[in-house]
Amino acid sequence: MASGQTAIAAKGVSKLFQGAGQDTVVALDKVSVAIRENEFFTLLGPSGCGKTTLLRLIAGFDFPTEGEILLHGQDIAPLPPYRRPVNTVFQSYALFPHMSVAQNIAFGLEMLGKSRAETQARVSAMLKLVRMEELRDRRTSQISGGQQQRVALARALAPAPKVLLLDEPLSALDYKLRKDMQIELKRLQHETGITFIFVTHDQEEALTMSDRIAVMNRGRILQVGSPRDIYDRPSERFVANFIGETNFLDGEVTGVSGAEARVKLADGAVISAGLPEGLAPAGRVSIVVRPEHARLVPPGAPADLAGRLETAVYFGTDTHYHVRLDGGGAFTVRTQNSRGGGAGFAEGEPVGIVLEPSAAQVLRD
Amino acid sequence: MASAANPIEAVQMRRNRWLSLPAVLFIAAFGIGPLILMLIYSFLKAAPYGGVEWSFTTDAYVYFLFQRDIFDDTLQFAPDFLIIYLRSFVFALITTAVCLLLGFPTAYFMATRPPAQRNWWVLLITIPFWSNLLVRTLAIMFIIRDQGLLNGFLIWIGIIDTPITLLYTDFAIVIGLLYSYLPFMVLPLYSSLEKFDFRLVEAGFDLYATRRQVLWRIIIPLARPGIIAGCLLVFIPALGAYVTPLILGGGKHLMIGDLIAQQFGSGRNWPLGSAQAFILMAAVLVALLFYVRNTSGKVQHGR
């Protein structure tokens with residue numbers, strides 16, 4: 001896991017592209033982030049959020065308009081890609097079609113001027129690592145998408161880069177293969193001990209694979225944290241919305257103590273909610289509660305919120321209850337189904353909602 | 001032939017076969033027919049005032065390499081024709097090589113323009129075809145002759161005092177060939193580079209290849225089909241060029257095309273002209289077979 005040493009860092013990095021006509025497109029807006037050694041770090045965001053641009057700046061395919069990119073404290077921003085100890089797994093794999101699997105993997109080593117013996121040994125080791133030994137002499141056009149993916153990984157790992165960049169490498173694979181490759185990638189990262197920077201728009205992929213996630217939108221990093229932090233303690237509305245399902249509630253801060261705030265909700269209930277770092281709000285705030293961090297109770301029982309059950313949707317493993325709140329607004333509660341445990345809430349009936357302790361989180365906006 | 005198993009498709013394929021019939025008939029009548037005629041002529045005797053006499057002889061092929069001594073009737077080796085053939089091969093090779101050197105960067109430039117711009121560049125490349133080759137070759141003559149634009153310019157800027165003789169030299173012929181055939185190199189190279197996935201260049205850079213290594217290890221191997229097509233399209237017509245050496249070489253520096261034309265004109269030796277044409281064809285075929293044998297395997301794998 002993360003040893004704490006910074007492997008690669010961006011300092012105030014901006015990237016502007018000249019768009020059509022007069023307008024410039026701001027792809028990255030003063031982004032700063034530090035990625036630790038041996039970390040599986042994910043850049044997560046919708047398409048056009050700047051995550052791939054940041055990756056390309058680290059790889060050296062583009063150069064920042066301003067700011068520094070530090071590799072172990074040294075600014076590598078002006079270096080061409082072939083002078084950076086960083087390798088990339090491309091979204092399209094970009095395997096060389098005129099070379100065999102083994103020749104593809106050997107390419108980087110040959111360019112580094114390694115001896116033939118060393119290259120061959122390393123190629124064999126890489127083929128073993130990605131379990132492709134039998135296909136070493138195949139043309140890359142003669143193997144499946146999943147196999148091409150493995151070759152692309154082996155090719156990028158062969159020169160033993162300090163940092164491996166992965167640009168949505170799983171997006172071209174079907175669901176089953178993607179699941180397998182997620183596990184495979186974690187295994188490879190563990191075995192090689194290389195820092196992985198993984199770009200994806202798939203929140204589930206990000207949550208399951210990463211040590212830490214940076215959520216990006218419109219050229220900015222909104223929040224950096226562990227998957228649990230990001231999911232349980234989203235600090236911005238965009239983050240809460242982008243990752244998983246969530247409930248938004250309006251409230252008024254009545255008091256702050258440490259990292260907790262007392263918030264009075266629209267229909268009078270007062271709950272405690274977590275605060276993002278460095279925020280001391282007053283007045284009206286938005287808070288979020290994940291659907292599985294709340295449960296329904298019969299009317300009359302002590303509850304944080306009250307409303308009327310509109311629909312209950314059965315999903316096999318769990319049931320989603322959509323509640324119309326008395327104070328206005330909608331709230332979804334997700335309850336895991338237990339055997340024989342029919343919840344017994346009828347649609348159209350009044351219900352109460354109890355929030356789990358520290359389930360609520362105040363948003364920055 | 002899995003598709004032919006479907007009866008409807010089989011009928012369609014049978015119908016589609018006839019679509020090529022007009023072209024096949026045309027080529028047979030005006031391409032293969034004359035070739036057969038020429039083949040027959042090459043084994044006949046030359047009539048004194050042009051045309052042929054209908055008696056079989058291999059003289060035309062013998063006289064390609066030998067001369068009959070007028071006193072003792074023995075055959076003597078006479079390399080005059082062979083030299084013209086060799087010179088033509090050298091000219092064609094130089095033309096092909098320089099076209100490739102000039103054409104590759106041009107095609108690369110075109111292929112890396114935004115897609116909307118590319119068609120304009122292709123159009124620009126085809127502009128020379130809008131006017132006749134003869135006219136364009138005469139224009140070159142006006143540029144490079146002693147009182148021409150080039151010499152005038154060089155004297156005006158003071159690099160030289162007296163004109164350099166360029167016209168009616170080998171240099172003039174090669175310049176003319178280069179100019180005539182460069183588009184035939186650029187277009188196939190462009191169509192091959194246009195399909196090239198430029199992300200492979202980034203992959204190469206990422207794997208520590210310098211610009212030069214990316215060019216030699218990735219771009220050129222993958223552009224090979226275009227390079228081969230372009231070289232064939234330049235080499236073969238350049239080898240048989242007629243107008244260019246006639247005008248720019250001034251008839252002193254013959255190439256194969258002029259030699260053959262001469263036999264049908266002032267030489268009045270149709271069988272010799274026919275034989276020379278067939279020897280050229282045979283040479284090109286042998287060269288091609290050799291070339292294809294040595295490269296086709298790699299090309300297929302490269303796709």
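This dialogue covers two strand assemblies in chain A of a predicted model.

Student: What holds the strands of a sheet together, and in which senses can they pair?

Tutor: Strands of a sheet pair through backbone hydrogen bonds, and the sense is either parallel or antiparallel. In chain A, 5 strands in the order 15-19-16-17-18 form an open sheet with antiparallel pairing.

Student: Which strands stand at the edges of that sheet?

Tutor: Strand 15 (294-297) and strand 18 (330-336) of chain A do. Each has a single partner strand, so one side of each has no neighbour in the sheet. From one strand to the next, the twist averages 45°.

Student: How many bridges join strand 16 to strand 17 of chain A?

Tutor: There are 7 between strand 16 (residues 305-314) and strand 17 (residues 318-325), and the two run antiparallel. To fix the register, take A:Arg308, whose bridge partner in strand 17 is A:Arg324.

Student: What is the order of strands in the closed barrel?

Tutor: The barrel has 5 strands of chain A, running 11-12-13-20-14, and its pairing is mixed. Here the twist averages 50° from one strand to the next.

Student: Where does strand 11 of chain A pair with strand 14, residue by residue?

Tutor: One place is A:Val253, which stands opposite A:Gly283 in strand 14. Strand 11 (residues 247-257) and strand 14 share 7 bridges in the antiparallel sense. Strand 14 (residues 283-289) is also joined to strand 20 (residues 360-362) by 2 bridges, again antiparallel, and A:Val288 has A:Gln361 as its bridge partner there.

Student: How many residues lie between strand 11 and strand 12 of chain A in their hairpin?

Tutor: There are 2, and A:Gly258 in the turn has a positive phi of about 65°. The two strands run antiparallel over 6 bridges, with A:Glu252 opposite A:Lys264 in strand 12.

Conventions: Residues are numbered from 1 along each chain as its sequence is written. Chains are lettered from A and ligands numbered from 1 in the order in which they are written. This is a predicted model: local features need pLDDT of at least 70, side-chain atom pairs count only at pLDDT 80 or more; totals for chains, interfaces and linings use all residues. Two strands pair if DSSP finds at least two bridges between them. Helices (H or I, at least four residues) and strands (E, at least two) are DSSP runs, numbered from the N terminus. Axes are lines fitted to C-alpha atoms, for helices over the stretch in contact, and angles run from 0 to 180 degrees between N-to-C directions.
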